Amino acid sequence: YSTVEMYNLSAQLVGHTADVRAITHTSDGSIVSTSRDVTCRVWRRIEGSPCEYEERQTLQGHSRYIIAVCALPKEFAQVLNTFANSDMIATGSNDNVINLYALDTAETLLNPIFAFKGHTNTVCCLNYHRGCLLSSSWDGTCRVWKGSDSFVELKGHTTTVWCVVGVPDTDYLLSASGDRTVRLWDMQGMCRLRYEGHQDAVRSILPLKDSTFLSAANDSIIIQWNIHSC
């Protein structure tokens, strides 16, 4: 072990009262966490301390546990014509709702400024791509939210869609499902390709820069795919 670099624990963020389901960060370096305790919490580094954080805000509004979180740039706020100078946070929950929050406020307890409704089961994944909020759900669908009342529904998977991500520098999306497949979509909702090879639920996707991507599944296997062929 002499050649292995050892690391020390630098910080612990303590406050949630049940398992933490997702984390992300905002443009100012804040950490955002979601939990089965039905809260989303914003942690900011204590001024003058490189390793210590304090809980600054608790985001309220969901009625059941929160399983997904995504940081959104100010451009998305402008699409909604509200809070144009604010960083935004979207949260997805077991209550089937996506809540949107604006963080440039001194308030400790924050309520959502908008709720995206339409999924009929838990919202389990959120991402941002090309000016749109992406969501996937236990209801077997993905949605591309282009504004407060505009969305495209991606239908084709036969069970839970665990992950949806954008393909960098393209207008395409990838989704991973419990039906053991990965699918390539355009942002108008048309399925372009279907990738088959896993023997159990596909949980996660990582796009790479060389027109390939990785998928990870419950079959204990990681597969690298060429995005242009299946």
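# Notebook: surface, cores and a few odd residues

I started with the surface: the protein exposes about 11,900 Å², and carbon and sulfur atoms supply 47% of that. The areas are Shrake-Rupley values with a 1.4 Å probe, and for residues only the protein chains shown count as cover.

A note to self on the ground rules. This is a predicted model, where local features need pLDDT of at least 70 and side-chain atom pairs count only at pLDDT 80 or more, while totals for chains, interfaces and linings use all residues. Residues are numbered from 1 along each chain as its sequence is written, and side-chain values use heavy atoms, with hydrogens and water left out.

**Overall shape**

I checked the radius of gyration next, taken over C-alpha atoms, against the globule rule of 2.2 Å times the number of residues to the power 0.38. The protein has 18 Å, which agrees with the value near 17 Å for a compact globule of 230 residues. Along the principal axes, the C-alpha atoms fill a box of roughly 55 × 50 × 30 Å.

For secondary structure I get one helix and 20 strands. These are DSSP runs numbered from the N terminus: H or I with at least four residues for helices, E with at least two for strands.

Of the 230 residues, 47% are buried. My cut-offs are under 20% relative accessible area for buried, over 50% for exposed and partly exposed in between, with a 1.4 Å probe and protein chains only. I also looked at contacts, meaning heavy atoms within 4.5 Å. Among contacts with a separation of 6 or more, 42% join residues 24 or more positions apart.

Charges: I find 19 positive and 24 negative side chains, with the centres of the two sets 6 Å apart. Lys and Arg count as positive, Asp and Glu as negative, and His and the chain ends are not counted. Each charge is placed at NZ of Lys, CZ of Arg, CG of Asp or CD of Glu.

**Cores**

Which residues touch the most other members of the largest nonpolar core? They are Val144, Leu174, Tyr195, Ile205 and Phe213, out of 27 residues in that core. Strand β14 (residues 161-166) gives the most to this core, with four residues. By nonpolar core I mean a set of buried Ala, Val, Leu, Ile, Met, Phe, Trp, Tyr and Cys residues joined through side-chain atoms within 4.5 Å.

I pulled the contacts of Phe213, skipping neighbours within four places in sequence; among them are Leu174, Tyr195, Ile205, Pro207 and Trp225. There is also a second, separate core of 19 residues, including Ala68, Phe76, Leu100 and Ala102.

**Ile66**

Ile66 lies in strand β5 (residues 66-72) and is buried, at 1% relative accessible area. Its C-alpha is 4.2 Å from that of Ser93, with the two positions 27 residues apart in sequence numbering. Beyond four places in sequence, Ile66 touches residues including Arg21, Val38, Cys40, Thr91 and Ser93.

**Pro112**

I found Pro112 in the loop between β8 (109-110) and β9 (114-116), partly exposed at 28% relative accessibility. Pro112 and Leu100 are 12 residues apart in sequence and 5.3 Å apart C-alpha to C-alpha. Leaving out neighbours within four places, the contacts of Pro112 are Gln60, Gly61, Asn99, Leu100 and Tyr101.

**Positive phi**

Most residues other than glycine have a negative phi. I flagged Asn96, which has a positive phi of about 75° without being a glycine. Asn96 is in the loop between β6 (88-93) and β7 (98-102) and counts as partly exposed at 22%. Arg180 went on the list too, with a positive phi of about 80°. Arg180 sits in the loop between β15 (172-177) and β16 (181-186), partly exposed at 44%.

**Leu13 and Ile46**

Leu13 is in the segment before β1 (20-25). Is Leu13 buried or exposed? Neither label fits, because its relative accessible area of 32% makes Leu13 partly exposed. Past four places in sequence, Leu13 is in contact with Ile31, Trp43 and Tyr53. The C-alpha atoms of Leu13 and Thr58 are separated by 14 Å.

Ile46 is in the loop between β3 (40-45) and β4 (53-59), partly exposed at 29%. Not counting residues up to four places away, Ile46 touches Glu52, Tyr53 and Glu54. I also logged Ile46 and Leu206: 160 residues apart in sequence, 32 Å apart C-alpha to C-alpha.
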